Amino acid sequence: MKNSKVLIWSIVVALGGFLFGFDTAVISGAEKAIQHLWDLSAVEHGFTVSIALIGTVLGAMLGGIPTDRLGRKTTLFWIAVLYLVSSLGSALATDWYVFIFFRFIGGLGVGASSVAAPMYISEISPAKSRGKMVGLFQFNVVFGILIAYFSNYFMQDLGDNAWRWMLGVQAVPSLIFLLSILYVPESPRWLIMKKGDVQQAKKVLDMIDADTSEETLFAIQNANGESKDKPKARLFSAQYKTPVTLAILFAVFNQVSGINAIIYYSPRIFEMTGLGAKAAFLSSAGIGFVNFAFTLLAINFIDRFGRRTLMAIGSVGVIITLALVARAFFIQDFTGVPVFLFVYIAFFAFSQGAVIWVFISEIFPNEVRASGQALGSFTHWFMAAIIAFSFPIISEYLGGGITFSFFAVMMVLQLIFVWRLMPETKGTSLERTDKTMILH
């Protein structure tokens, strides 16, 4: 990359991904203690784990509004505020209702972050390295998950209030994110499309790559002029049918893989297979490490091999591993289950995990990118909330065999989707991708 500034900006914004991942996974270490502390029923317990996801659904659904009106940078600043307030409030909660409220606030931040951060990075990155740059967001998500697992492991022996420390430590990276975001520029595409500030946009484009700034500026202005000549852009109009369909299907498949059920309930799943509590926590940390390592591998291949190739490889891998886990539950022989889950995480991280935020941030035209990203993110988190809420109930009544079989069948459908419907977007400018996605 010619200019390291884009990398620095992307890393700063991707800190939102770190907090996203940490907030998502940290509850796995606290959920049992909280259940016992407030004597929660199975339904109340499921609600406690999924309340952050309910906030995430709303944050994702509404995140496109401030991202469009206030700008990508300002929205990211307020997301950092939400993370900071949530981490401190959850750790200091005096009763279940207060805890629920602050976990909900954190969920709003996660949802809005999954809209604003990938969009911002995609809009400042050169086409040839956009996959890697947006992939930094997902890399930080899994890095946050990994740190949350290890943090939980090391804090589990701190006594009755260990869960408070698990949740409260998030305030430190939240504050760093809050201060760092002040030093990144606004997206040049937002400056032109929403503010008409060509001069400031040109300054940012010059910082990104002075050699191509004129060409990029012309392409953005041209796309802006074309959009102004059309009736007001509506996401669900016929011309955007293709990217809308792709975003919804991609987000649904991401969650019916069972990934969040495994991340949220990994200590419980490992205990179901016969591991002790300490070994279950350590195995969960192992899942976080595998997720981290294979996401790092994927972001180094995503611009070389393309999005479809990674998705095809990953789909085959998760189908096989989920089927093996289902079989283990059916025959009640859990000998290889930890290994199967590690391999499952590896294939997921190499495909869906690394590709989702890159792909969704690329397929929508400039004029509806914020609402399109919000749609994809909302669908993703809506499905995540359903899976997180229902997993402990379904697995208790139907058993692990049927639950993991369902996930495996859904991944067969994902493979068909990749083969028949998913386009390749690597190495193409956002404006050129727009033209191929819109129905004329």
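The exercises below work through helix packing, nonpolar cores and salt bridges in a predicted model.

Residues are numbered from 1 along each chain as its sequence is written, and side-chain values use heavy atoms, with hydrogens and water left out. Because the model is predicted, local features need pLDDT of at least 70 and side-chain atom pairs count only at pLDDT 80 or more, whereas totals for chains, interfaces and linings use all residues.

**Exercise 1. Describe how helix α2 packs against helix α5, and then how helix α1 packs against helix α6.**

Step 1. Two packed helices are described by the angle between their axes and the distance between the axes. Axes are lines fitted to C-alpha atoms, for helices over the stretch in contact, with angles from 0 to 180 degrees between N-to-C directions; helices themselves are DSSP runs of H or I with at least four residues, numbered from the N terminus.

Step 2. For α2 (residues 42-62) and α5 (residues 96-124), the angle is about 35° and the axes are 6 Å apart. Their crossing is right-handed, a term for a near helix turned clockwise from the far one by less than a right angle.

Step 3. Contact (heavy atoms within 4.5 Å) involves, among others, Phe47, Ile51 and Gly55 of α2, and Phe99, Phe104 and Gly107 of α5. Sorted by class, this contact has 14 nonpolar, seven polar and two charged residues, where Ala, Val, Leu, Ile, Met, Phe, Trp, Tyr, Cys and Pro count as nonpolar, Asp, Glu, Lys and Arg as charged, and the others, Gly among them, as polar.

Step 4. Helices α1 (residues 4-37) and α6 (residues 130-155) also pack at about 35°, with axes 6 Å apart, and α1 passes α6 in a right-handed crossing. Their contact has 18 nonpolar, ten polar and no charged residues.

**Exercise 2. Place Leu76 within the largest nonpolar core, and locate the second core.**

Step 1. Leu76 is in helix α4 (residues 72-91) and counts as buried because its relative accessibility is 0%; buried means under 20% relative accessible area, exposed over 50%, and partly exposed in between, with a 1.4 Å probe and protein chains only.

Step 2. Beyond neighbours within four places in sequence, Leu76 is in contact with Val13, Ala116, Ala117, Tyr120, Phe177 and Ile181.

Step 3. A nonpolar core is a set of buried Ala, Val, Leu, Ile, Met, Phe, Trp, Tyr and Cys residues joined through side-chain atoms within 4.5 Å. The largest has 127 residues, and those with the most contacts inside it are Leu76, Trp381 and Phe404; its largest share, 15 residues, comes from helix α16 (residues 337-363).

Step 4. A second, separate core of five residues includes Phe139, Val142, Leu146 and Phe292.

**Exercise 3. Trace the salt-bridge network that contains Asp68 and Arg369.**

Step 1. A salt bridge requires a side-chain nitrogen of Lys or Arg within 4 Å of a carboxyl oxygen of Asp or Glu, and by this rule the count comes to nine.

Step 2. Asp68 pairs with Lys194, the closest N and O atoms being 3.6 Å apart. This pair links helix α3 (residues 64-69) with helix α9 (residues 188-195), across 126 residues; Lys194 is partly exposed, since its relative accessible area is 40%.

Step 3. Arg369 pairs with Glu123, with the closest N and O atoms 3.2 Å apart. Arg369 lies in helix α17 (residues 369-398) and Glu123 in helix α5, so the pair ties together parts 246 residues apart in sequence; both residues are buried.

Step 4. Salt bridges that share partners join Asp68, Arg72, Glu123, Lys194 and Arg369 into one network.

Technical notes. Helices (H or I, at least four residues) and strands (E, at least two) are DSSP runs, numbered from the N terminus.
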